[in-house]
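Trainee: I have a model open and want to go through it residue by residue. Can we start?

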Amino acid sequence: MKRKSIKTIFTLMLMSSMLIAGCGGGNNNAADNTGNNTGTNQEGNNAAEDTSPITFSFFGADASPNWNNMQDDVGKVITEKTGVTINAEFDVGSGGGEDKIALMAASGDVPDMIFAKGSLGNLVDAGLIVDMTELIDKYAPNLKKIYGDNMNRLKYSSEDEAIYALPTNSQVDQQSFDATGGFEIQHRVLKELGYPEVKTLADYEKVLKDYVALYPETDGQPTIPLSLNADDWKIMITVTNPAFQATGAPDDGEYYVNPETYEAQLHYKRPEEKEYFRWLNNMYAQGLLDKDTFVQKDDQYKAKVASGRVLGLISQEWEYQDGENALKAAGKDDYTYAHFPVTLSEEYQDHSFQATGIDGYGISITTACKDPVRAIKWLDWMTSEEAQVLKNWGIEGTHYTVNADGKREFLPEVLEKKTKDFNNFTKETGIEQYAIFGQRYGDGVKDSTGNYYTTRFPEQIVAEYSAAEKESLAAYNATTWKDLFPAEDAFPVKEWGALYNMPVPTDGQYQVIYKKTQDIIRKRIPEAVLSKPADFDKVYDAFIAELNKAGAEDMEKEYTELVKKRVSLWTGKEL
């Protein structure tokens, strides 16, 4: 009742503000995708867009250590073009903003805009998020154009078809040209061992074992064959998610969904995943897995990566990038990492590139927003071609140039800083700092000039590779790391999208059981990995039994119904 009443009040306020303002803010022509500051109001008269100074408050559930309060090059241009300044606060820990957003939901004290990640449902249920459907229809031609036939995928649920978030971490028409996850090995290791085959867990294990036997120390410190980051939610990224990646399943968060029946179960129950964790248990027993894996903090893990003494990782580049960037800045490119699609055995395929379609975490406007029409217009401008080029490439003449063939190229000194000192590069330039503000086209999509929107296309990717990376890739007859992985067309697009983003009940029995199962997982998986190999089966079987005792089977049934409803909403199938 609370949500409905607040939404109704907000809608009336919005309609009143439209009448009072006479829609003077304007409405961009849908064909104009360049971000020009002209528009047409509802009476058909040309009217200048409002570019008067305004500041919107914002909270982002991810950390953003390079945020420079829009005093970077790109940020200054955004403010100059739109009049908008973002007063941003980002989560400073590794908790994904959950604690902060829980307080917001309880108190009702929210910023103008928010990137809430998996906590969006708490704010929706508290009546604190604006339904953007009407705002998009009236004021956001760029957003309508970029989503096209995918607008249905923005609907919150079959029971509530409002648009509460723009999935701005999901790139439209994405075509990946590079791999930035999987099982990582340092280039120096590969070179020393003659670039061995790395396809299975046994292959990966042998590489680490052989190298540490040759070089038990790195720069005077003990060499660490493999280290994982189990601090808070990042245990999913480096410890538990690789279990389904290595056993031929796609990323559906904590669940595995049967593609034929849509039935969901906690992915840990799959017998092949038990064998993955057995492998980790064996790695620990041999002294190949960092003994501090389950006790070290995020910063300690990254410091180890930055030291260069960690031979292998199982992660995503964004998760360990700070440590790797430090290695690049120190000129230790041979200590950085190659990416491999490692599986339990060769019968499995890595599903890293199975497409989800338009779906993912996104940005929302709250009911506290001082000017929701201005906010959606800004997000629409940030989706324009002009803004996307600015966010990805920077400023022409300052960061990039257009050559005689009409192709954009980073200036040599800019490219060098981007590849060698990425943290300071983004802080100073603002390039790649504003991705979540506005929807974006993915890698492989070209703009009206015939150039790629993003800088992640084959020629540019290769240009940014270090000599060590190029040498490793050549040894494996590859141009980019993506060449080693199964491509998108090996799999169907997932009908249910990105399930980590699917709304689930924020109260009631589901959340009680989910919390219990998460507590069990985060306690029992480390226990299983650290147990004596002779005790592994007993510990792991007890773990599964404990999940069921906590109500996992009832939770799985409820989740299955949610999956089916989502598929029906998006595809029109009757399930």
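Trainee: Is Thr223 buried or exposed?

Mentor: Keep in mind that this is a predicted model. Thr223 sits in the loop between strand S8 (221-222) and strand S9 (224-226). Its relative accessibility is 9%, and the cut-off for burial is under 20%. So Thr223 counts as buried.

Trainee: Which residues does Thr223 touch, not counting those up to four places away in sequence?

Mentor: Thr223 is a loop residue, between S8 and S9. With residues up to four places away set aside, the list of contacts is Val212, Tyr215, Pro216, Glu217, Thr218, Arg309 and Leu311.

Trainee: Lys117 next. Is Lys117 buried or exposed?

Mentor: Lys117 is also in a loop, the one between strand S5 (113-115) and helix H4 (120-125). Leaving aside neighbours within four places, Lys117 is in contact with Ala61, Asp62, Trp233 and Tyr361. Its relative accessibility is 14%, so Lys117 counts as buried.

Trainee: Now the strands. Why is S3 described as largely enclosed by the rest of the structure?

Mentor: Take Phe58, which lies in strand S3 (residues 54-60). Phe58 is buried, with a relative accessible area of 2%. Across the strand, S3 is largely enclosed because the buried residues number five of the seven.

Trainee: In what sense do S3 and S4 pair, parallel or antiparallel?

Mentor: One matched position is Thr55, which stands opposite Thr85 in S4. Seven bridges join S3 and S4, and the sense is parallel.

Trainee: What is the handedness of the crossover from S3 to S4?

Mentor: Two parallel strands need a connection, and S3 and S4 pair in the parallel sense. The chain leaves S3, passes through helix H2 (residues 73-82) and arrives at S4. This β-α-β crossover is right-handed.

Trainee: Which residue in S5 is the bridge partner of Phe58?

Mentor: S3 runs parallel to S5, joined by three bridges. For Phe58, the partner in S5 is Met113.

Trainee: How many aromatic pairs are there, and why is Phe58 with Phe90 edge-to-face?

Mentor: By the ring-centre rule, the count is 36 aromatic pairs. Phe58 and Phe90 have ring centres 5.8 Å apart, which falls within the 6.5 Å limit. Their planes stand at 65°, over the 60 degrees required, so the pair is edge-to-face.

Trainee: How many residues apart are Phe58 and Phe90?

Mentor: The pair links distant parts of the chain. Phe58 is in S3, and Phe90 is in strand S4 (residues 84-90). Phe90 is buried, with a relative accessible area of 14%. In sequence, the gap is 32 residues.

Trainee: What is the angle between the planes of Phe353 and Phe485?

Mentor: These two rings form an edge-to-face pair, 5.7 Å centre to centre. Phe353 is buried at 10% relative accessible area, and Phe485 counts as buried at 7%. The angle between the planes is 85°.

Trainee: Which residue has its ring under the charged end of Lys446?

Mentor: A charge counts as over a ring if it is within 6 Å of the ring centre, among other conditions. The charged end of Lys446 is 5.1 Å from the ring centre. The ring belongs to Tyr452.

Trainee: What span is expected for H19 at 1.5 Å a residue?

Mentor: H19 has 22 residues. From first C-alpha to last, H19 reaches 32 Å. That is close to the expected span, 32 Å.

Trainee: What covers the buried residues of H19?

Mentor: The buried residues of H19 include Tyr510, Ile513, Arg524 and Val529. Their cover includes strand S10 (255-257) and strand S11 (264-266). Helices also contribute, among them H9 (234-245), H10 (271-285), H20 (536-549) and H21 (552-571).

Trainee: Is Ile395 buried or partly exposed?

Mentor: Ile395 is found in the loop between helix H14 (385-393) and strand S15 (400-402). Leaving out residues up to four places away, Ile395 touches Asp73, Val77, Leu390 and Tyr400. Its relative accessible area is 23%, so Ile395 is partly exposed.

Trainee: Last one. How far apart in space are Gly323 and Asn152, C-alpha to C-alpha?

Mentor: Gly323 lies in helix H12 (residues 317-329) and counts as buried at 1% relative accessibility. Gly323 and Asn152 are 171 residues apart in sequence. In space, C-alpha to C-alpha, the distance is 40 Å.

Notes
Residues are numbered from 1 along each chain as its sequence is written. This is a predicted model: local features need pLDDT of at least 70, side-chain atom pairs count only at pLDDT 80 or more; totals for chains, interfaces and linings use all residues. Side-chain values use heavy atoms; hydrogens and water are left out. Rings of Phe, Tyr and Trp (its six-membered ring) pair if their centres lie within 6.5 Å; planes under 30 degrees apart count as stacked, over 60 as edge-to-face and the rest as tilted. Helices (H or I, at least four residues) and strands (E, at least two) are DSSP runs, numbered from the N terminus. Buried means under 20% relative accessible area, exposed over 50%, partly exposed in between (1.4 Å probe, protein chains only). A charge sits over a ring if NZ of Lys or CZ of Arg is within 6 Å of the ring centre and within 35 degrees of the ring normal. Contact means heavy atoms within 4.5 Å. Two strands pair if DSSP finds at least two bridges between them. A crossover is right-handed if, with the strands pointing away from the viewer, the path from the first strand over the helix to the second runs clockwise. The expected span of a helix is 1.5 Å times one less than its number of residues.
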